[in-house]
Structures are given as structure tokens and as C-alpha cells.
Amino acid sequence: MDCRVYRKGVMLLFVAIAWQQTGQAQENWRDSLTAINKQIAESAWSTDLRLRKANANLQLKQWQYAIDEYNLVLQKEPHNPAALFYRAYANTHLRRFELSRNDLNDLLAIAPAHFEARLSLAVVLQQLGRKQDALDNLNQLIQQHADSAVAYAARANLERQMKQDEVALYDWQKAEELAPKDPTYVVSHVDLLLVLERRKEARRVLDAAVKRGIPRGLLTEWYEKTNR
């Protein structure tokens, strides 16, 4: 398992959290979209239908079409949380990060404890080069969701970028405690220890992970690195 893949994944965490893949084939989504368009043409205004159409557009990666639908919903319901969140998601795909930030801020004004919105905002702020603002959002996220391994991992990733290695180590440890069977957090923690040339400590982290039930085979690469 390559830790670099994980670090890239954290930067795109918004995408992963915002959209749960259903496994439905694109052809099926096109069929669904055709059926929904027919319902829209034959019905009075329906927020549900518009959101379903936007959902299909997102699945088909038709980002602007989805945004157009969310615009219509928000004209009628300016505080619709789903429309705000997923419009931000679509704009992120189009690298319109300022627009994404605006929608996420509006959503958080309505729902300050919205986990996905605050985490997504932190990622968007990183894309805008505003790392300290992103860190402030992650600090608030952890205050609100102190039991979230994802929140600690996201903050650790950012702290590492900001060269705050000691606090990043603490956050990797917290992520491991909260998700003890997830090897992703282990290898990220070990990777940082190796960068800091703390090989014995890295070995102890790996041994502890194996004792918790993580298969040693998943960590072979990292055991080898501690011996170099």
C-alpha cells in the first residue's frame, strides 16, 4: 500500500465523501436520465425530480448540467442543503474552487456541524492555497466530531504539508486509535516516522498494528523500509 496514494486521496477526499458510487452502469444512468426528463416535462415543478436529474448528471460526469439543475432548485429553495453541497461538488470537478467555497460556507451557515461540508471546505481551501484557513476548519471539525478518524487523518495530512510533523504524528496516532483495523492510517504514520528517521518507533507502530489484527502481509513493504 503506497502512502502517496493515500495523501493524494486525502486531497480529493471531498470527491470521495461527496459521492457514493452505486455501481450502476452508465447506460443505465442514461436510461434513468431519459425517464426523469420525461417526468419533468409532464409534471409540475418537483424539487425531488430536479435533484434526481442532477444526481444522474453527476453520475454521468455531466458537471455543468448538474449545476444548472441545482441552480434551478436554489432559485426556489435558496437553503436547500443537498443542492448547495452537490453544486459545490460539481464546481470542484470544474476547478471552480471559489464557487465551491461559497456554497460550502452557505451550507455551514445553515448546518454548522455538517461533517462532509466542513471537511470538503478544508480541502477546497487547500486547493486555493489557504492552508491556515483549512487548518482552522479541520480544528473545528475535530471539536465537533472528536470520534472521526477521517477528520484526524485529514488534519495530519495538512499538518505534514505545513511541516508540523510532531502534531501530525499525534493526529495519525489518534486516527489509528479510532480506526484500529484500518492499515491506511498505519502506513501514513509509519511513513512520517521514516521521514523523521525514527525507524525503531516505526517498527513498534507496525508490530502494534499486527497485534491489533492487521495482516502482516499488508505491511511487508513498510517492515522492509524499517530495516534499511
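A nonpolar core is a set of buried Ala, Val, Leu, Ile, Met, Phe, Trp, Tyr and Cys residues joined through side-chain atoms within 4.5 Å. The views below are taken from a predicted model.

**View 1. The largest nonpolar core and Leu-219 within it.** The largest nonpolar core contains 57 residues. Val-186, Val-190 and Leu-219 touch the most other members of this core. With residues up to four places away in sequence left out of the count, Leu-219 is in contact with Val-186, Val-187, Leu-206, Ala-209, Val-210 and Ile-214. In soluble globular proteins, nonpolar side chains tend to be buried together.

**View 2. Helix H10, residues 149–161.** The 13 residues of H10 should span 18 Å at 1.5 Å a residue, and the C-alpha atoms at the two ends of the helix are 19 Å apart, in agreement with that value. H10 is mostly covered, with eleven of its 13 residues buried. The buried positions are Ala-149, Ala-151, Tyr-152, Ala-153, Ala-154, Arg-155, Ala-156, Asn-157, Leu-158, Glu-159 and Arg-160. At the N-terminal end, Ser-148 caps the helix, with a side-chain oxygen 3.4 Å from the backbone nitrogen of Val-150. Just after H10, Lys-163 has a positive phi of about 65°.

**View 3. Arg-160 and its polar contact with Asp-191.** Arg-160 belongs to helix H10. Its relative accessible area is 17%, so Arg-160 counts as buried, the limit being under 20%. The side chains of Arg-160 and Asp-191 make a polar contact at 2.6 Å.

**View 4. The aromatic cluster of Trp-63, Phe-85, Tyr-86 and Tyr-89.** The model has three aromatic pairs. The ring centres of Trp-63 and Tyr-89 are 5.9 Å apart and the ring planes lie at 85°, so this pair is edge-to-face. Because Trp-63 is in helix H5 (residues 63–76) and Tyr-89 is in helix H6 (residues 81–93), the pair ties together parts that are 26 residues apart in sequence. Trp-63 counts as buried at 14% relative accessibility, and Tyr-89 counts as buried at 3%. The rings of Phe-85 and Tyr-86 are also edge-to-face, because their centres are 5.2 Å apart and their planes are at 85°. Phe-85 has a relative accessible area of 5% and is buried, whereas Tyr-86, at 23%, is partly exposed. Ring pairs link Trp-63, Phe-85, Tyr-86 and Tyr-89 into the cluster.

**View 5. Ala-90 in helix H6 and its contacts.** Ala-90 is part of helix H6 and counts as buried at 0% relative accessibility. Not counting residues up to four places away in sequence, Ala-90 touches Leu-58, Trp-63 and Ile-67. Ala-90 and Leu-58 are 32 residues apart in sequence, and their C-alpha atoms are 7.3 Å apart in space. Trp-63, one of the residues touched by Ala-90, also belongs to the aromatic cluster of View 4.

**View 6. Lysine side chains over tryptophan rings: Lys-76 with Trp-45 and Lys-225 with Trp-222.** Lys-76 lies over the face of Trp-45, at 5.1 Å from the ring centre. For Lys-225, the charged end sits over the ring of Trp-222, at 4.0 Å from the centre of that ring.

Notes: Residues numbered from 1 in each chain as written. Predicted model: local features only at pLDDT ≥ 70, side-chain atom pairs only at ≥ 80, totals over all residues. Heavy atoms only, no water. Buried < 20%, exposed > 50% of the residue type's maximum accessible area, 1.4 Å probe, protein only. Contact = heavy atoms within 4.5 Å. Helix = DSSP H or I, 4+ residues; strand = E, 2+ residues; numbered from the N terminus. Expected span 1.5 Å × (residues − 1). Polar contact = N/O pair within 3.5 Å; in protein donor to acceptor, adjacent residues only side chain to side chain. Phe/Tyr/Trp six-rings, centres within 6.5 Å; stacked < 30°, edge-to-face > 60°. Lys NZ or Arg CZ within 6 Å of the ring centre and 35° of its normal.
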